[in-house]
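Subject: Handing over the structure

Hi,

Here is the structure I promised to pass on to you. Please have it open while you read, as my notes follow it piece by piece.

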Amino acid sequence: MTAKQDPTTSGSRTARGGLTSPEAPWPVRILNRKIGDWISKLGSVWVEGQLTQMKQTRYWTFLTLRDVEAEMSIELIAKNHVITSLPTPLSHGDRVIVLGKPNYSVSRGQLKLSITDIRPVGIGELLARIEQLRKLLAAEGLLAPERKKPLPVLPRRIGLITGRGSAAERDVISIAQERWPAVNIRTLNPPVQGASAVPEVKEALTILDRDPTVDVIIVARGGGSVEDLLPFSDESLVRHVSTLRTPIISAIGHETDNPVLDDVADLRAATPTDAAKRVVIDMATELEGIRDCRQRGQQALFRWLDYERDRLNDLRQRPVMADPMTPINRHAENVARDASSIRRNITLLLERANSEIAHLRGQVSALGPSATLARGYSIVQVQRPGEESEVATSIDQTPPGSQLRIRLNDGSIVAATMSTSPAQ
């Protein structure tokens, strides 16, 4: 067959070189035998998982080993002495490590792991793995405080994930309703321990996170052994929690318990009861606070009223309030007094100015030519044709024959120079 041939019509080459076709198909026995031959070549392997089922017959014990992080499992088969020789009996949900060889049943077409050794995972090893996971998440920043989302002050609805009918469920609901009777809680009850706890808790978280009315989610479980609380240290679960948009409160076990979910959640509550107290406000406390605020507000208002009343009484007792016209009259008197003073000052200034003007006028008159003429003096002016008259101050200006104009106090005389003589 070439690379382009259809194996359904022209035959299909097997790993051993045989051909199959619609005309020459393999019987089931040949297929199962070939699968069994291939699987039988595999060696023994160590596998870790969680026991989910156990059934014991006369000679054999049948178990189911589940992956702790994925929905995958494999059937185990062991001789009874392998199981009964263990120091501690196995139980549902135990974490174990087994040594086995894949075994394929040709007659039934079933694959099982035939185990020859089984070892429970010790508490110390589990705690070491949990601590290693915690360090890994811290290195990735998933435990950083700045990633923590704040809790709502008054959540519209609270999501609660806890075991059905558990003490944790009763504690959270009773405390929440006691603190706030109208609290709205949506409860989902997946298994909180065992093989199916991790996937079902993750599914419940997803459902509540997608509910737009849920403002905060509480994951609650009562106390238990380290093995019982292992689902809440599962890596896939805590990584899923880190991706949610809704704030998560971890209330797993008692105060001394510390699963990894406590570190990844937005808030760790010591107990389920503490979680209810953290997320639901106490109505009695709030009402008491309201009453206290009202009382303090009332007292402050009364103090303010008393203060304003005292101020008003002080204002009423002032003279101005007895006769509101008093200030106006006082100002009117001041205006009248100032106006009178201004008039008096202006009159004095005018009288002083008039006296000074009269004095100056007398000085001007005494020094003027009219006063001189009145005392018997005269002014001689020389008149020349075509020229202005000029006052004669020297005999040189009035040679004989010059025309003169003599001004007297009561008129003027026109004369001519007969002769001149110098002063002796």
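Please keep in mind that this is a predicted model. I will begin with helix 2, since its buried residues are covered in part by strand 6 (95–105) and strand 7 (110–120). Those buried residues are N32, G36 and I39. Looking down the axis of helix 2, you will find them within an arc of 65°, so they line one face of the helix. The general pattern behind this is that an α-helix has 3.6 residues a turn, so residues three or four places apart point the same way. The length of helix 2 agrees with expectation too: it runs over residues 28–40, and because each residue should add 1.5 Å, its 13 residues should span 18 Å, which is also the distance between its end C-alpha atoms.

Helix 6 is the other helix I looked at in this way. It takes in residues 197–210, and its 14 residues reach 20 Å from the first C-alpha to the last, close to the 20 Å expected at 1.5 Å a residue. Which residues of helix 6 are buried? They are A197, V198, V201, A204, L205, T206, L208 and D209. Among the elements that cover them are strand 8 (158–161), strand 9 (185–188) and strand 10 (216–221), together with helix 7 (235–242) and strand 11 (248–252).

While you are in that part of the model, have a look at L244, in the loop between helix 7 and strand 11. L244 has a relative accessibility of 7%, so it counts as buried. Apart from its neighbours within four places in sequence, L244 touches K149 as well as L205 and D209. Both L205 and D209 are in the list of buried residues of helix 6.

Next, the spaces inside the model. There is one cavity of 30 Å³ or more, and the largest cavity holds about 90 Å³ of space. Its lining is made up of Q50, R66, V68, R95, G194, V198, L230, P231 and D234. You will recognise V198 from the buried residues of helix 6. Sorted by class, the lining of this cavity has four nonpolar, two polar and three charged residues.

You may also want to visit the second largest pocket, with a volume of about 190 Å³. It is lined by 13 residues, and L127, I130, V226, N258 and P259 are the closest to its centre. The lining of this pocket divides into six nonpolar, four polar and three charged residues.

Last, a few distances to help you find your way around. The C-alpha atoms of L244 and P22 are 52 Å apart, with their positions 222 residues apart along the chain. L305 belongs to helix 10 (residues 283–316) and counts as partly exposed, because its relative accessibility is 33%. From the C-alpha of L305 to that of D117, 188 residues away along the chain, is 89 Å.

V414 sits in strand 16 (residues 411–416). Is V414 buried or exposed? Its relative accessible area is 58%, so V414 is exposed. Leaving out neighbours within four places in sequence, V414 is in contact with Q403 and L404. The C-alpha atoms of V414 and R129 are separated by 152 Å, and the two residues are 285 residues apart along the chain.

Happy exploring, and do write back with any questions.

Best wishes

Technical notes: Residues numbered from 1 in each chain as written. Predicted model: local features only at pLDDT ≥ 70, side-chain atom pairs only at ≥ 80, totals over all residues. Heavy atoms only, no water. Helix = DSSP H or I, 4+ residues; strand = E, 2+ residues; numbered from the N terminus. Expected span 1.5 Å × (residues − 1). Buried < 20%, exposed > 50% of the residue type's maximum accessible area, 1.4 Å probe, protein only. Arc of directions from axis to C-beta. Contact = heavy atoms within 4.5 Å. 1 Å grid on protein atoms, 1.4 Å probe; cavity = no way out; pocket = protein on both sides within 12 Å on 5 of 7 lines; lining within 4 Å. Points joined across faces, edges and corners; volume = space filled by probe spheres on them. Nonpolar A, V, L, I, M, F, W, Y, C, P; charged D, E, K, R; others polar.
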